[in-house]
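Open the model in your viewer and keep the sequence panel beside it. This tour goes from one selection to the next and says what is there.

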Amino acid sequence: MRSAQWMCWGKMADAGYLGWRKLGLTVLLLLAVWAPIPAVQAQRSLVKVITDHNWREILEGEWMVEFYAPWCPACQQLQSEWNEFAEWSDDLGVNVAKVDVTEQPGLSGRFIITALPTIYHL
């Protein structure tokens, strides 16, 4: 029995050769796409998330606290700058935190939040 053959870059190639070639190209493509991902995930946020359970931590030391909502366009625009500001927190001697008012409505009432985003220096 004769195997199927195709022209591959001007040369005759059988089905087995083309199958391995496609597999090799697929593996190379996957490595090229997924290889850079671990470097992106390595950095963790320096912004402390404040909740109803840990909010007393901000009573000690100097804090900059952002009150935000995930659906708020102005809050979304501020996030990258707020994270960059947190990278300077050690140099500035200040702790940086954020409060999601949709998940922590008690804290938004306690701190009298009437507009978003709101930033307090405590």
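A residue is called buried when its relative accessible area is under 20%, exposed when it is over 50%, and partly exposed in between (1.4 Å probe, protein chains only). The model is predicted, so local features need pLDDT of at least 70 and side-chain atom pairs count only at pLDDT 80 or more, while totals for chains, interfaces and linings use all residues. Residues are numbered from 1 along each chain as its sequence is written, and side-chain values use heavy atoms, with hydrogens and water left out.

**Stop 1: the rings**

Select Phe67, which at 1% relative accessibility counts as buried. Add Tyr120, partly exposed at 26%. Two rings of Phe, Tyr or Trp (its six-membered ring) form a pair if their centres lie within 6.5 Å; planes under 30 degrees apart count as stacked, over 60 as edge-to-face and the rest as tilted. The whole structure has 5 aromatic pairs. In one of them, the ring centres of Phe67 and Tyr120 are 5.7 Å apart and the planes stand at 75°, so this pair is edge-to-face. Phe67 belongs to strand β4 (residues 63-68) and Tyr120 to strand β6 (residues 118-121), 53 residues apart, so the pair links distant parts of the chain. Strands (E, at least two residues) and helices (H or I, at least four) are DSSP runs, numbered from the N terminus.

Now add Phe111, buried at 16% relative accessibility. Which residues does the cluster of ring pairs link? Trp55, Phe67, Phe111 and Tyr120.

**Stop 2: the salt bridge**

Select Lys48 and Glu57, whose side chains meet in a salt bridge at 3.3 Å, N to O. The term means a side-chain nitrogen of Lys or Arg within 4 Å of a carboxyl oxygen of Asp or Glu. A search of the whole structure finds 1. Lys48 is partly exposed at 31%, and Glu57 is partly exposed at 38%.

**Stop 3: the largest pocket**

Keep Lys48 and add Ser45, Leu46, Val47, Trp63, Ser89, Asp90, Val94, Asn95 and Val96; together they line the largest pocket. A pocket is an open set of points on a 1 Å grid over the protein atoms alone, where a 1.4 Å probe fits, with protein on both sides within 12 Å along at least five of seven lines; lining residues have an atom within 4 Å of a point.

Finish on Asp90, in helix α4. Asp90 counts as exposed, at 72%. The C-alpha atoms of Asp90 and Leu46 are separated by 9.9 Å, although their positions lie 44 residues apart along the chain.
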